[in-house]
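Below is a note for a colleague who works with coordinates every day, arranged as numbered points. Please read each point with the model open.

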Amino acid sequence: MKVVALVSGGKDSCYAMMKCIQYGHEIVALANLLPADDSVDELDSYMYQTVGHQIVVSYAKCMGVPLFRRRIQGSTRHQNLSYRMTQGDEVEDMSILLEEVKRQIPSITAVSSGAIASDYQRFRVENVCSRLGLVSLAYLWKQDQSLLLQEMVTNGIVAITVKVAAMGLDPAKHLGKEIMNLQSYLHKLNKLYGINVCGEGGEYETLTLDCPLFGNARIVLDEFQVVLHSSDSIAPVGILHPLAFHLENKVESISLSATNGTNDACLEKIDSVCEVQGDCLRRCAAKGESVDAASDLDDVIEHRLLISKTRKDNLFSMCCWLQDSSKTSSGLQEDMKAVLKKIESQLMEYGFGWENVLYIHLYISDMNEFALANEIYVKYITQEKCPLGVPSRSTIELPLLQVGLGGAYVEVLVTTDQSKRVLHVQSISCWAPSCIGPYSQATLHKGILHMAGQLGLDPPTMNLCSGGPTVELEQALINSDAVAKCFNCSVSNAAIIFVIYCSTRIPPSERIGVQDKLDTVLKQMRLFQENKGCLSNVLYPILLYVLVPDLPKRALVEVKPVLYVEDDMKTTETTVEDMSFTIAPNHWDFQEASWHDTCIQKSVIPGKICVIVLSVTNELAMKVCSESPGCNRNNQDHRFGNEQIDRITRFCIYLLDKVLAGNGFSWEDITNLKFYFPTSLCMPLETLSLMFTNAFNEFAEMSQRIKIGKEPIFNLIPVLGAGKTSSMDDIITCELFSQKH
């Protein structure tokens with residue numbers, strides 16, 4: 001990509017440019033914001049470093065690229081962590097600056113910045129990039145500051161301190177010193193007082209005088225003045241005011257110029273500096289299309305839209321799909337609009353909106369239309385509608401049309417409160433894959449971390465790792481762990497459940513390798529945590545494998561973890577007999593059998609969470625049906641008719657009830673209940689849904705342990721296969737999540 005680099009003159013923005021080039025991008029312009037008054041060194045700004053701005057003007061000549069500058073007219077008006085377009089805010093100066101750069105150089109598609117740990121700055125750069133249709137590149141984001149500082153020095157960043165404001169840093173002693181010479185002292189201060197080694201907490205600021213990108217010249221500071229802003233005895237604040245400097249041509253650049261037939265006159269032409277004017281108080285017109293919740297539904301047959309919803313009041317899942325018995329669809333665009341509008345209207349009926357949604361499963365019938373689906377999606381779920389953060393999301397292709405559904409199927413997890421915490425990083429970095437769009441890497445709510453589906457993407461390039469499904473899986477787990485670390489946990493010890501979506505493009509012979517690799521990587525991560533002394537309590541997660549037609553970016557594997565991150569973690573139990581509370585009565589004729597336990601995986605955090613995966617394989621289904629009076633015990637072709645499937649649905653409810661009751665949970669605690677069924681059943685979703693509905697109604701009448709409303713409490717998910725192992729040969733697979741509050 002062609003990149004405009006935001007430069008303050010500091011070491012971080014310069015090293016970020018070097019990382020851009022390392023990853024194959026091209027720096028074609030620089031952008032800098034400076035005070036309106038040249039005599040002012042530093043502004044009271046939360047966003048911009050301006051100390052040393054008198055020297056930044058020479059960067060164009062040093063690098064041989066144009067420099068665009070704008071004098072800051074705005075101030076800090078929007079002080080919340082997340083940013084909304086605000087008239088007169090200093091962020092709008094950056095927007096005007098970058099908009100002009102893009103106008104003059106239309107080929108620019110990305111913006112580089114040197115953010116390391118500041119969410120405040122990153123949010124604002126991402127906000128502006130999103131508005132201008134640019135990609136944010138932040139290759140220093142979340143990097144270890146000690147290693148990062150060493151990298152800068154090793155890779156030729158020559159920078160001096162131009163501001164100090166921390167305990168142990170003396171303006172008289174430390175201003176104007178090269179970071180190479182201060183490196184060991186900064187590490188010492190880190191151990192003594194906890195300062196940020198790279199100065200991310202405002203402990204110090206730097207000015208880069210030379211680096212490998214300065215191919216034409218280096219900057220020589222001839223004279224400067226130390227200005228004391230605060231003489232505080234503990235942490236005095238001082239800045240360096242440059243009085244005189246000059247450029248020193250590099251010998252290598254001169255010889256290179258001679259080779260290319262250029263001379264010093266050309267060097268003067270390279271010195272292109274453009275000052276961008278414009279009124280920061282211009283009207284901030286919000287971009288993006290508004291969606292009329294009442295429109296377009298006239299074009300869709302309303303009675304085909306169906307809804308399911310769990311019964312829990314304060315945290316529930318809701319699902320919408322189009323019943324299409326003719327097995328034809330109006331097309332993804334119309335189907336997607338209809339489904340999203342229906343969910344939006346249902347949320348409004350309950351007094352909620354998209355801001356109450358924690359997680360979204362987006363199922364589509366054709367991954368080739370992913371871009372179109374996303375285009376529709378972003379018109380409904382926007383950052384403006386979700387001030388606390390957009391929901392996390394996974395996108396999967398499912399065989400919807402084969403079971404009589406439309407082209408889109410959406411499932412949402414909804415909370416009634418406003419206590420969620422969202423991680424939404426849109427910048428491309430070395431940390432973890434970015435979310436370029438209105439969805440978040442992870443959403444934390446009531447101790448549960450709902451993580452977006454993770455692909456095996458190499459974060460800095462956003463390309464799928466080559467090497468097959470096991471390589472992709474390992475990278476997806478590494479990416480998941482990077483996200484988890486932002487919440488002070490690890491997938492190796494805090495995961496409750498992993499759903500591993502496998503593409504049909506993985507040969508059956510390689511699927512066992514995916515299962516083995518998952519076990520190996522998690523064990524290696526646990527060992528690493530243990531060696532660091534970070535591993536105390538360990539949760540051993542449930543594993544659910546799902547076979548699907550396709551995944552985003554033609555990935556072979558997608559991993560969706562759910563983690564428990566509260567401080568008082570307890571080890572999960574994995575057998576039905578443990579922590580028994582009550583024995584659920586058997587309202588059907590199923591006989592207690594030891595093999596029932598082989599169907600069950602569960603994670604239980606006593607009194608808080610109970611997660612169950614129930615797997616009914618072909619073999620176990622035959623056992624279930626063989627116990628039925630009058631069944632055909634000579635069913636050699638392993639095919640199951642409606643009568644057998646009907647019995648299997650009741651067995652699933654019976655066994656789920658047994659596990660819930662045995663661990664002190666009720667059906668009212670359920671926040672999510674899914675039944676996966678393979679298309680090989682050759683059964684329309686409508687038929688299977690009726691079977692489960694009848695079974696639940698019958699169970700409700702017999703047991704009084706569950707209340708049934710007008711909508712089903714379960715979602716039916718058509719897949720090509722599912723199971724607790726990579727063989728994915730279940731007749732029916734259930735995923736149940738229950739939570740007490």
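1. Among the contacts in the protein that join residues at least 6 apart in sequence, 78% are between residues at least 24 apart. The coordinates come from a predicted model, and that should be kept in mind throughout. The chain has 741 residues, of which 58% count as buried, and its secondary structure amounts to 18 helices and 30 strands. About 29,200 Å² of the protein is exposed, with carbon and sulfur atoms supplying 49% of that area.

2. In soluble globular proteins, nonpolar side chains tend to be buried together. Here the largest nonpolar core has 142 residues, and the members that touch the most others are Leu30, Ile648, Trp667, Leu673, Phe675, Phe696 and Ile732. Helix α17, residues 642-662, gives this core its largest share, namely ten residues. Another core lies apart from it and has 41 residues, including Ala115, Leu449, Cys489 and Leu543.

3. Which residues does Ile648 contact, once its neighbours within four places in sequence are left aside? The list consists of Val616, Ala621, Val624, Cys625, Phe640, Ile731 and Ile732. Of these, Ile732 is itself named among the core residues that touch the most other members.

4. Nonpolar side chains also appear on the outside, where Met167, Leu192, Tyr193 and Ile234 form a surface patch with about 400 Å² of accessible area together. Leu192, one of the four, belongs to helix α8, which covers residues 179-193.

5. Why is strand β11 described as largely enclosed by the rest of the structure? The strand runs over residues 305-309, and four of its five residues are buried, so the description follows from the burial of the strand itself. Its pairing with strand β12, residues 315-323, is antiparallel and extends over five bridges, and the two strands form a hairpin with five residues between them. Within this pairing, Ser308 has Cys319 of β12 as its bridge partner.

6. After β12 the chain enters a loop that leads to α11 (332-349), and Gly331 is found in that loop. With a relative accessible area of 27%, Gly331 is partly exposed. A distance that can be checked directly is the one from Gly331 to Ser365, which are 34 residues apart in sequence and 9.6 Å apart in space, C-alpha to C-alpha.

7. Side chains of opposite charge can pair when their charged atoms come close. The structure holds 24 salt bridges, and two of them share Arg122: one with Asp119, where the closest N and O atoms are 2.6 Å apart, and one with Glu126, where the corresponding separation is 3.0 Å. Asp119 and Arg122 both lie in helix α5, residues 119-132, at a spacing of three residues, about one turn of the helix. Arg122 and Glu126 are four residues apart in α5, so they too are separated by about one helical turn.

8. Are the residues of these two pairs buried or exposed? Arg122 has a relative accessible area of 2% and is therefore buried, and Glu126 is buried as well. Asp119, by contrast, counts as partly exposed because its relative accessibility is 27%, a value that is not under the 20% cut-off for burial.

9. A further salt bridge joins the side chains of Lys250 and Asp210, at 2.7 Å from N to O. This pair links distant parts of the chain, 40 residues apart, since Lys250 is in the loop between β9 (237-249) and α9 (251-259) while Asp210 is in strand β7, residues 204-210. Both Lys250 and Asp210 are buried, and they take part in a network of salt bridges that also includes Arg218 and Glu248.

10. Two backbone angles deserve a careful look during review. Most residues other than glycine have a negative phi, and most peptide bonds are trans. Lys553, however, has a positive phi near 60°, and the phi of Gln704 is likewise positive and near 60°. Lys553 sits in the loop between β23 (542-548) and β24 (557-564), whereas Gln704 lies in the loop between α18 (685-703) and β28 (715-719). Both side chains belong to exposed residues, Lys553 with a relative accessible area of 52% and Gln704 with 65%.

Key. Residues numbered from 1 in each chain as written. Predicted model: local features only at pLDDT ≥ 70, side-chain atom pairs only at ≥ 80, totals over all residues. Heavy atoms only, no water. Patch = residues over 30% accessible without salt bridge, like charges linked within 9 Å, V, L, I, M, F, W, Y side chains within 5 Å. Areas by Shrake-Rupley, 256 points an atom, 1.4 Å probe, with all protein chains shown as cover. Salt bridge = Lys/Arg side-chain N within 4 Å of Asp/Glu carboxyl O. Core = buried A, V, L, I, M, F, W, Y, C linked by side-chain atoms within 4.5 Å. Buried < 20%, exposed > 50% of the residue type's maximum accessible area, 1.4 Å probe, protein only. Contact = heavy atoms within 4.5 Å. Pairing = 2+ DSSP bridges.
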